[in-house]
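Please open the structure in a viewer and keep a selection panel at hand. The stops below proceed from overall confidence to individual strands, rings and backbone features.

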Amino acid sequence: GDILDDYLRTDGVWILTRNKQFYKTHNEKECAEKCEAERNFNCRAFLFTRKKLQCLTLAENAKMTVTFNSTDAVLYEKKIYLLQCRRGIGKDYRGMEAKTWRGIPCQKWAEKTPHNPNYTPEKHPNAGLDENYCRNPDGDESGPWCYTTDPATRFDYCNIPECEGQCMQCNGEDYHGEVSRTESGLECQRWDTQEPHMHGFTPKHFPQKDLKMNYCRNPDGELRPWCFTTSPTKRWEYCNIPRCTMHPPVSGLGSQCLSGKGEDYRGRVAVTKLGNACQHWSTQFPHRHGWIPDRYPCKGLEENYCRNPDGEKRPWCYTINSSVRWEYCAIPHCDGTEQGIAGMSNVPMEVPLPEECYRGKGQSYRGTTSITASGKKCQAWNSMFPHRHEKTPDRFPNADLRDNYCRNPDGDNSPWCFTTDPSVTWEYCNLKRCDDHTQD
């Protein structure tokens, strides 16, 4: 990559600094090379003047000293010294935290009291052992540390947060980093363009998904962040975003009752509302499915407990009944308005809804059936898992493609949907055509 990619550029700024070196260079890249090769001090930034072609390598950056305007100057600061968070174990952390997680001030790396250090700036000149800042010169798995000023505590770890923008929690639904290449190295297509690939994931229609520039994102609940590519022959591809290591998902936290759609429900109900026992999420029998616990670490897919990993109306599960693929579960509401199912012997049936039906080809159907003719659960229209498609709500704004309800956006013979079965792309829905005398 370009050597300047490691620097943050600011036009029209000058900074006052004591430690600096002057060089004559032709351009910013040559000045960056001088900064990388600087041996008089740790070069954290450099100034370049366009008219004089003058290069100043600096020991300080804008976080450490005074800045003022200078129209001809360009300030380049090493990004690594601006980060106040750590990537992975923080071996390259160069922030300015200087106390332990308990709040004890750190001892300067160059001093020998109260502790005689094994790691010093002389022995490890490339480890960034400046002042008394927390560092990780030995690659400690627990992250940056320092010798302390407490004679009774030789060293301790520092509380450096992990850089959320560089890694992803869960499946990366909240990833807001700036990676813009796929795992095979293809450049990502901008979300606000339709070339070379037409798509429905525009910033206008998904303002809450942070679809900036051409950065990798996960707006549709995929396994991990992805993007459309600039290659005409490759529509989309996953991006290589590492998982964050600092805050692993904690099993057992979450609601024990139903609020909203129950996406945060983590109770232990494991039987459907109609009395069918739930299939374990980690098994593929009797029903094959894509909700594998290892792939979705934050969805709470433990044992065979009812869950709502896909934004359904309420928690559900696959059943151990081979003829019933999935059903909703009866979860007590947090406000106590719905009966629990503990000790259920005679399972109460739901009050039957009027029979749903469609007229003509069903293009006007606006019911809430979300089951196919063979009993498969429908995939949500705004989801691309398990099937990627172009029948999105924004491309068919008049078709009412809400949730995963059966619809007929393309004038097929009757309402249909994509299925949640990875091996079956779509099916017609379990609906009858209306007769005039049955239609209210």
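The model is predicted. Colour the protein chain by pLDDT to begin: its mean is 84, and 91% of its residues reach 70 or more. Next select residues 247-252, where the pLDDT is below 50 and where the model shows six contacts beyond near neighbours in sequence. A further selection is residues 436-440, where pLDDT also stays under 50. For that stretch the model has four contacts beyond four places in sequence.

Now colour by domain. The domain assignment of the protein chain gives domain 1 as 7-81, domain 2 as 251-332 and domain 3 as 355-439. The centres of domain 1 and domain 2, taken over C-alpha atoms, are separated by 57 Å.

**Strand S3 and its partners**

Select strand S3, residues 45-49. Five of its five residues are buried, so the strand is largely enclosed by the rest of the structure. Display the side chains: Ala45, Leu47 and Thr49 point one way, while Phe46 and Phe48 point the other way. In a regular strand, side chains alternate between the two faces of the sheet.

Add strand S4, residues 54-58, which pairs with S3 in the antiparallel sense over five bridges. Opposite Phe46 in S4 stands Thr57. The hairpin of S3 and S4 has four residues between the strands, and Leu53 takes a positive phi near 50° there. Then add strand S5, residues 67-78, which runs antiparallel to S3 and is joined to S3 by five bridges. Within S5, Glu77 is the bridge partner of Ala45.

**Aromatic rings**

The structure holds 28 aromatic pairs. Select Trp226 and Trp236, which form an edge-to-face pair at 5.8 Å centre to centre, with 75° between the planes. Trp226 belongs to strand S8 (residues 226-228) and Trp236 to strand S9 (residues 236-238), so the pair ties together parts that are 10 residues apart in sequence. Which of the two, Trp226 or Trp236, is buried? Trp226 is buried, with a relative accessible area of 0%, whereas Trp236 is partly exposed, with a relative accessible area of 22%.

Move to Trp326 and Tyr328. Their ring centres are 5.0 Å apart and their planes stand at 85°, so this pair is edge-to-face. Both Trp326 and Tyr328 are buried. Add Lys377, which lies over the face of Trp326 at 5.0 Å from the ring centre.

Return to Trp226 and extend the selection to one aromatic cluster, formed by Trp191, Phe201, Phe206, Trp226, Phe228, Trp236 and Tyr238. Arg224 should be shown as well: its charged end sits over the ring of Tyr238, 4.3 Å from the ring centre.

**Backbone features in the loops**

Select Glu195 and Pro196, which are joined by a cis peptide bond with omega of about 0°. Pro196 lies in the loop between strand S7 (155-157) and S8. Another cis peptide bond runs from Phe385 to Pro386, with omega near 0°. Pro386 is found in the loop between strand S12 (357-358) and strand S13 (416-418).

Remain in the loop between S12 and S13 to select Asp403. Its phi is near 45°, a positive value in a residue other than glycine, and Asp403 counts as partly exposed at 34% relative accessibility.

The last selection is Glu303, in the loop between S9 and strand S10 (316-318). Glu303 is not a glycine, yet has a positive phi of about 45°. At 45% relative accessibility, Glu303 counts as partly exposed.

Methods: Residues numbered from 1 in each chain as written. Predicted model: local features only at pLDDT ≥ 70, side-chain atom pairs only at ≥ 80, totals over all residues. Heavy atoms only, no water. Buried < 20%, exposed > 50% of the residue type's maximum accessible area, 1.4 Å probe, protein only. Helix = DSSP H or I, 4+ residues; strand = E, 2+ residues; numbered from the N terminus. Pairing = 2+ DSSP bridges. Phe/Tyr/Trp six-rings, centres within 6.5 Å; stacked < 30°, edge-to-face > 60°. Lys NZ or Arg CZ within 6 Å of the ring centre and 35° of its normal. pLDDT = per-residue confidence, 0-100. Contact = heavy atoms within 4.5 Å. Domains from an automatic or database assignment.
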